[in-house]
Amino acid sequence: RGCELPERFQRAEASRAKVYDISGAAAPVARECERRPLDVLDEACAAIAKARFTGKADGDMVPHILAEFEWTVRNAAFQALEQNP
């Protein structure tokens, strides 16, 4: 929104490890997982549903963003299963 984060939040953001680097600075690395993708998605959705956010806007936006992401991933998974039973 054009506002700069307070210094303590900037430090926290800078020091926090990121799960995925989507900046495009490096080639993505293929990851393998023994678990079913939809099980991992369900676990991630449950964890995010229980999460507490420091900003009210985040708490309002994240469920909407998550719903869109979940819909996209689930559709892709079902399409892949249909093509490769």
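Going along the sequence, the chain runs α-α-α, with 3 helices and 0 strands in total. Keep in mind that this is a predicted model.

On the surface side, about 8100 Å² of the chain is exposed, and carbon and sulfur atoms account for 58% of that. Of the 85 residues, just 7% count as buried.

Now for the helix packing. Two packed helices are described by the angle between their axes and the distance between the axes. Helix 2 covers residues 37-50 and helix 3 covers residues 56-83; their axes sit 11 Å apart at an angle of about 175 degrees. Anything over 145 degrees counts as roughly antiparallel, so helix 2 and helix 3 are roughly antiparallel to each other.

Here's who makes that contact:

| Helix | Residues in the contact |
|---|---|
| Helix 2 | Leu38, Leu41, Asp42, Cys45, Ile48 |
| Helix 3 | Val62, Leu66, Phe69, Glu70, Val73, Arg74, Ala77, Phe78 |

Sorted by class, the contact of helix 2 with helix 3 comes out as 10 nonpolar, no polar and 3 charged residues.

What makes up the largest nonpolar core? That core has 5 residues in all: Leu38, Leu41, Cys45, Leu66 and Ala77. Helix 2 and helix 3 each put in at least two of its residues, and helix 2 gives the largest share, with 3 residues.

Which residues does Leu66 touch, leaving out those up to four places away in sequence? Leu66 touches Cys45 and Ile48. Of these, Cys45 belongs to the largest nonpolar core along with Leu66, and both Cys45 and Ile48 are among the helix 2 residues in the contact with helix 3.

How values were computed: Residues numbered from 1 in each chain as written. Predicted model: local features only at pLDDT ≥ 70, side-chain atom pairs only at ≥ 80, totals over all residues. Heavy atoms only, no water. Axes fitted to C-alpha atoms, helices over the stretch in contact; angles between N-to-C directions. Helix = DSSP H or I, 4+ residues; strand = E, 2+ residues; numbered from the N terminus. Parallel < 35°, antiparallel > 145°, perpendicular 65-115°, else oblique. Contact = heavy atoms within 4.5 Å. Nonpolar A, V, L, I, M, F, W, Y, C, P; charged D, E, K, R; others polar. Buried < 20%, exposed > 50% of the residue type's maximum accessible area, 1.4 Å probe, protein only. Areas by Shrake-Rupley, 256 points an atom, 1.4 Å probe, with all protein chains shown as cover. Core = buried A, V, L, I, M, F, W, Y, C linked by side-chain atoms within 4.5 Å.
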